[in-house]
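Here are a few short exercises to work through with the model open beside you. Try each one before you read the solution.

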Amino acid sequence: MLLFALFMSARMGIFQEQLYGLYGKHPKEALFYNHALPLPAFLLLAGDIYRHCVLFNNSAPMALPLVGVMVPKMWLYLAGNILTQYVCIRSVFILTTECSSLTVTLVVTLRKFVSLIFSILYFKNPFTVYHWMGTSLVFIGTLIFTEIIPLGKKQKVQ
Ligand SMILES: *[C@@H]1O[C@H](CO)[C@@H](O)[C@H](O)[C@H]1NC(C)=O
């Protein structure tokens, strides 16, 4: 699924680059439509979302920082996720106006990779041989991109 999403977002990045070229750079508008248009699709997942609300309600309570009110800890994690995700995606959309879509795809892939490592370290999820494979692919890809490993013809500097 991640692989499919990665290819899709890469294609979407190119599409967005073309759109910016045609109509000018409007990262806030792009951010809005990118997130508002798919909202109705979440109705298909309504049952699943409801089940997760029940699960979240039943998670262990945790004191809210500063205020001290007890809140089920999954809701806190969700709030943290939404906040950091907002900061992140907003920055990505600004980045799309400043860099090529290849750079943006690389940054987004690295970001996913860092989240994965964080989830493994913080939530103590298992690190399997597939994770090692993915890790090496990310590193090789990054090294090729930064031209530390030269691949193919170098462009001539004019
Ligand atoms: C979750 O808890 C809140 C607050 O106690 C309550 O209003 C809500 O109905 C609960 N939701 C579910 C799906 O149990």
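**Exercise 1.** Does Asp48 count as buried, exposed or partly exposed?

Solution. Start with the cut-offs: buried means under 20% relative accessible area, exposed means over 50%, and partly exposed is in between (1.4 Å probe, protein chains only). Asp48 has 35% relative accessibility, so it counts as partly exposed.

Before going on, a word on what you're looking at. This is a predicted model, where local features need pLDDT of at least 70 and side-chain atom pairs count only at pLDDT 80 or more, while totals for chains, interfaces and linings use all residues. Residues are numbered from 1 along each chain as its sequence is written, and side-chain values use heavy atoms, leaving out hydrogens and water.

**Exercise 2.** Find the partner of Asp48 in a salt bridge.

Solution. First, the term: a salt bridge is a side-chain nitrogen of Lys or Arg within 4 Å of a carboxyl oxygen of Asp or Glu. A search of the whole structure turns up one. Its partners are Arg51 and Asp48, with 3.2 Å from N to O. Next, look at where they sit: both are in helix H3 (residues 46–57), and because they are three residues apart, about one helical turn separates them. Helices (H or I, at least four residues) and strands (E, at least two) are DSSP runs, numbered from the N terminus. Finally, check the cover: Arg51 is exposed, with a relative accessible area of 51%. In general, side chains of opposite charge can pair when their charged atoms come close.

**Exercise 3.** Describe the surroundings of the ligand.

Solution. Step one is the list: Tyr50, Cys53, Val54 and Asn57 are around the ligand, each having a heavy atom within 4 Å of it. Step two is their character: the shell has three nonpolar residues, one polar and no charged. Here Ala, Val, Leu, Ile, Met, Phe, Trp, Tyr, Cys and Pro count as nonpolar, Asp, Glu, Lys and Arg as charged, and the others, Gly among them, as polar. Step three is a distance: a polar side-chain atom of Asn57 lies 2.4 Å from an oxygen atom of the ligand. Step four takes one of the residues alone: Cys53 lies in helix H3 and, at 27% relative accessibility, counts as partly exposed.

**Exercise 4.** Where is Ser59, and is Ser59 buried or exposed?

Solution. Ser59 sits in the loop between H3 and strand E1 (61–63). With 16% relative accessibility, Ser59 counts as buried. Now look at its side chain: a polar atom there lies 3.4 Å from the backbone nitrogen of Lys73.

**Exercise 5.** What is the sign of phi at Lys124?

Solution. Begin with the background: most residues other than glycine have a negative phi. Lys124 isn't a glycine, yet its phi is positive, about 55°. Then place the residue: Lys124 is in the loop between H5 and helix H6 (129–145). Lys124 is also exposed, at a relative accessible area of 69%.

**Exercise 6.** Which element has the lowest mean pLDDT, and which the highest?

Solution. pLDDT is the predictor's confidence in each residue, from 0 to 100. Take the whole protein chain to begin with: its mean is 85, and 95% of its residues reach 70 or more. Among the elements, helix H5 (residues 101–122) has the lowest mean, 82, and H3 the highest, 96.

Terms used:
A polar contact is a pair of N or O atoms within 3.5 Å; within protein, one must be able to donate a hydrogen and the other to accept it, and residues adjacent in sequence count only if both atoms are side-chain atoms.
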